[in-house]
Amino acid sequence: MRKWLIMMLTVVMFGGLLAGCGGSGGSGAEGSSSGKVQLTFWGDWGGEGQKQFETMVDAFNKSQDRIEVKYVLQQDMVTKFLTAATSGGAPDILFWDRWRTSLYAPKNVLRPIDEYMTRDGLNEGDFYEESLKELTHNGKLYGLPLTVDARALFYNKKMFADAGLEPPTNWNELEQAAKALTVWNGSKLEVAGFSMGDPGLFNMYLQQAGGQMMTEDGKTNFNNDQGRQVLAFWQRLLNEHKVYKIGFEEGLGEGTDAFVTGKVAMLYTGPWMMSTYNKYGQDLDYGIVPPPSGPNGGQGSVMGGFGLVIPQGSKHPEEAWEFIKWWTANKDNALLWAKTSLNMPGFKPALEDPFFTEDPLWKPFTETLEFAKTRPTHPGYSVMEENAVIPNLELFMQNKQSLDDTLNKAQEQGDKLLADNAVVE
Amino acid sequence: MASVNKLGQHQARMAYLFITPTMLLFAVFMVIPVVMALYLSFTNYDVLSSHDWVGLDNYRRLAGDALLWQTFLNVMYYAVVFVPLNLLISLLLAMLLNKRKVGVKLFRTFYYLPTLTSAVAAATVWIWMLHPEYGLINGLLAYLGITGPAWVSQTETAMLSIIVMTLWQSVGSNMIIYLAGLQGVPEHLYESARLDGASRFACFRYITWPQLRPTTFLVSVMAIIGALQLFDQAFVLTQGGPANVTKTPVYLIYQQGFNQLQMGYASAQAFVLAMAILVFSIISMRITKAEEPIV
């Protein structure tokens, strides 16, 4: 009897453990009582972003009576998707940081959408070529762009007017304006003429100088004249004109943002900062111009943004495609999304609406997007940039490494990281 | 005799029954994952598609991974400064607050409070205090006519900033452990020492410190493990920068495993980290002589 008891207890406890591990398998996304197809849409935007997503989901659900989409907020979405993709329970639609495509597409967890595109007669020309390139792997397209963004130059109009300056259009004018607007009080920097806090913008400057981060065959491509031009430009700004001090903007929150409080006269940033500036900068009068061009007239900015993709595990890819098409490839809906979230939609016809073309703050961004390029689609690109390029640039900016050493080391370490993180087919 | 045996057997059976839940949890959540990770470190596991045996390839790649070894040096530097300071400050605080005086409880609470703050919230406040132009610390230095550094952004001071912040956050809980240890030292030892005319320092040197050996071992091992696994504070305060000086092994392992989907290689990195923790724990055990009995 007692033995029985022990056995029972052990079995119950062990069973409990197993249940705890293996639970949440079924997604329960089958047709419900209403007869509609239920779709799950995963994203990692909470707060305001969640409300914006839900606005779109509600509008879609009301627009037809066959499909019902539900937005599910997943804080650590990519990690959860990893488990879901292998053990079942993957969502039907995934909000997707586009640069990850080159990493995930070779693993066969995303569904190509080419056949849907041709069947429904969608025109690839309606989307930015660069954003589609980022969603493509081995000639197959894996999703459609939901948002596009790029950095442009924000400047403080009042400071420019006081100094009698025009917004810069090239590196030389940028340098002169930055120099003129910088104010030092002894060893204390009061106004930085130009923000140089983010060495991650190297890619953008390199494009302006006429260069590219990577060669076609997957090697780094900045240890050359173009790379040297960028670093020489930075050196002039930082050491000769002292327009910035390392760490100047560190830890300044939204309300104390250096641009809002007039401590930075110019900076590169994107449309995502406009709501912060409008909210906290009641006295801030700012303008935006496309990034100034480099010494040989080259223009450059880095295009980023998100897309929508369908995981291979989705049981209703047709319906998921309906939802993606409705949202990203329809002018009215893309515009509704833009106005709701203040994001630039990936659908070009929506960007031709007066909402964008007649607003002086949006116009420079649509102009910038014409020449902006996405990051190279090598799966090791982000680690290469983060672990090899940026650290060496930081040493350079703090005068702890010479220009040539910086480019040599960044190339050597970068090439190694690219090789180590290349796709294993 | 037979009944005694039977009783013993019964007790042994019940004992196994009582430890079963803990051992099961330990096996399922500790032993199995560790064995799995060891196995995975010999494969090219990527979570999604591939899962092939690659032998020692991952370990060969480790040898040439300069960035990984740099992150190890980073946390070693951190541990060498952080662990002794942590022991010293928390022991001093505990001795100061191990008195029956008015207000002592209030101070204990104050010193413990930072422990309750989340790393992210604390780091946000510290970044602000360490700001080169508007921060409290450089503001005070300016009164003395010193131009303070850009603490978290400069290669020389970035790790120091993290050390200061994590000390502030962790001495409180270690102080509590030391307080408990101090209160466990038998009063009669001090009494007889005083009768023999021992000085206060001699009392500390020959009674308090040896009696606290197990406590010191616990605190130092926990501090070493925490130091080698440093992640969140460094991530929020400096994002591993500038120039990789505050990047840590845990950060790299996460990046390699979850961002780059090279879980096999990440497992190999994690095993090296586990070995490092083991070695340092043994060294700490030797130094604090934790295995010797307290007289």
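These legends accompany three close-up views of a predicted model.

**View 1. The second largest pocket and its lining.** Welcome to the second largest pocket, which holds about 1,100 Å³ of space. Its lining is made up of 33 residues. If you would like to find the centre of the pocket, look for Pro33(B), Val34(B), Ala37(B), Leu40(B) and Ser267(B), the lining residues that lie nearest to it. Chain A gives two or more residues to this lining through helix H3 (77–87). From chain B, helix H1 (2–40), helix H12 (249–259) and helix H13 (263–288) each do likewise. H13(B) provides the largest share, with ten residues. By residue type, the lining of the second largest pocket has 24 nonpolar residues, eight polar ones and one charged.

**View 2. Helices H12 and H13 of chain B, packed together.** Here we turn to two of the helices that help to line the second largest pocket. The axes of H12(B) and H13(B) are 7 Å apart, and the helices pack at an angle of about 160°. Angles over 145 degrees count as roughly antiparallel, so that is how H12(B) and H13(B) are described relative to each other. The crossing that H12(B) makes with H13(B) is left-handed.

**View 3. An annotated stretch of chain A.** The last view shows residues 393–420 of chain A, which an unreviewed UniProt entry annotates as a "coiled-coil region". In the model, this stretch of chain A is 82% helix and 0% strand. From one end of residues 393–420 to the other, the C-alpha atoms are 22 Å apart.

Conventions
Residues are numbered from 1 along each chain as its sequence is written. Chains are lettered from A and ligands numbered from 1 in the order in which they are written. This is a predicted model: local features need pLDDT of at least 70, side-chain atom pairs count only at pLDDT 80 or more; totals for chains, interfaces and linings use all residues. Side-chain values use heavy atoms; hydrogens and water are left out. On a 1 Å grid over the protein atoms alone, a cavity is a set of points where a 1.4 Å probe fits but cannot get out, and a pocket is an open set with protein on both sides within 12 Å along at least five of seven lines; lining residues have an atom within 4 Å of a point. Grid points are joined across faces, edges and corners, and a volume is the space filled by probe spheres set on the points. Helices (H or I, at least four residues) and strands (E, at least two) are DSSP runs, numbered from the N terminus. Ala, Val, Leu, Ile, Met, Phe, Trp, Tyr, Cys and Pro count as nonpolar, Asp, Glu, Lys and Arg as charged, and the others, Gly among them, as polar. UniProt positions are given in the numbering used here, feature names are shortened, and annotations may be inferred rather than shown by experiment. Axes are lines fitted to C-alpha atoms, for helices over the stretch in contact, and angles run from 0 to 180 degrees between N-to-C directions. Angles under 35 degrees count as roughly parallel, over 145 as roughly antiparallel, 65 to 115 as roughly perpendicular and the rest as oblique. A crossing is left-handed if the near helix is turned anticlockwise from the far one by less than a right angle, and right-handed if clockwise.
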